[in-house]
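Visitor: I'd like to understand the labels people put on a model like this one. Could you walk me through them?

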Amino acid sequence: MANLRIMEWNANGLVQHQQELLAVLDTEKIDVCFISETHLTRQSYIKFRGYKVYHTIHPANTARGGSAIIVRENIIHHEEVKYETEHIQATSVCLQTKSFEITLSAIYCPPRHSIKKDQYLSFLKKQGRRFIIGGDFNAKHTQWGSRLITTKGKELLGALRQLNCEALSTGKPTYWPTDTNKIPDLIDFFIVKNISNSYLQIEEGWDMDSDHSPIILTMS
């Protein structure tokens, strides 16, 4: 495989978007898709033709939050341990490329929880030596293109700097609130460790039926 195309999208409920998403995965030739806010529970079952699906639910087992990774069937990979806490729900797989192993992780961080630097560090250290994490962090910082800086954004940036990770974004809003009093902002992005920027290209994805727009990362 010359290129790996990864799409990240906050679906705000995955079940009702299956057909739409499958069409976009096909059109955009997506190899791996990171989903935030799946709203799946232990009772949910979801299938995508030609792909394997792994998901992590909110620990309360209610239809909110959660994350999923959708991986093209012909890609050699295995699932890693789920990260299932109130403040972070992450689903990870490990891929073997010609030259190295890489962890890919889809994350969702609900807005109501404040997350400290140590909690981010604890999660990031579990992702191994080389990784790409993508999702809705609900953490804002001008460093990755948000309009403003929140406490969560400061804590996350501190953790990224300590571990020599990099945030990659389009620099454009990804969240489009239905409430007209709220201003669109950037809260969906990727975090990368030990992969040179010269191999990575990020772009905006298609406009899809959610209050978030997708982003696509191509690793060559």
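Guide: Gladly! Let's begin with Asp179, which has its place in the loop between strand 10 and strand 11; helices (H or I, at least four residues) and strands (E, at least two) are DSSP runs, numbered from the N terminus. Please keep in mind that this is a predicted model, where local features need pLDDT of at least 70 and side-chain atom pairs count only at pLDDT 80 or more, while totals for chains, interfaces and linings use all residues. Residues are numbered from 1 along each chain as its sequence is written, and side-chain values use heavy atoms, with hydrogens and water left out.

Visitor: Why is Asp179 called partly exposed?

Guide: Buried means under 20% relative accessible area, exposed over 50%, and partly exposed in between (1.4 Å probe, protein chains only). Asp179 has 34%, so it is partly exposed.

Visitor: How do you know that the span of helix 3 agrees with what it should be?

Guide: The expected span is 1.5 Å times one less than the number of residues. For the twelve residues of helix 3 (residues 151-162) that gives 16 Å, and the end C-alpha atoms are 17 Å apart, so the two agree.

Visitor: Which residues of helix 3 are buried?

Guide: They are Lys152, Gly153, Leu156, Leu157, Ala159 and Leu160. These cover an arc of only 160° around the axis, so they are on the same side of helix 3; the arc is that of the directions from the helix axis to the C-beta atoms. On the other side, Thr151, Lys154 and Arg161 are exposed.

Visitor: What makes the pair of Tyr83 and Phe123 edge-to-face?

Guide: Rings of Phe, Tyr and Trp (its six-membered ring) pair if their centres lie within 6.5 Å; planes under 30 degrees apart count as stacked, over 60 as edge-to-face and the rest as tilted. Tyr83 and Phe123 are 5.0 Å apart centre to centre, with 75° between the planes, and that fits edge-to-face. Tyr83 lies in strand 6 (residues 83-84) and Phe123 in helix 2, so the pair ties together parts 40 residues apart in sequence.

Visitor: And why is the pair of Phe137 and Phe189 called stacked?

Guide: With 4.5 Å centre to centre and 15° between the planes, Phe137 and Phe189 meet the stacked limit. Both are buried, and together with Trp144 they form one aromatic cluster.

Visitor: What makes Arg130 sit over the ring of Phe100?

Guide: A charge sits over a ring if NZ of Lys or CZ of Arg is within 6 Å of the ring centre and within 35 degrees of the ring normal. The charged end of Arg130 is 4.2 Å from the centre of the Phe100 ring and sits over it.
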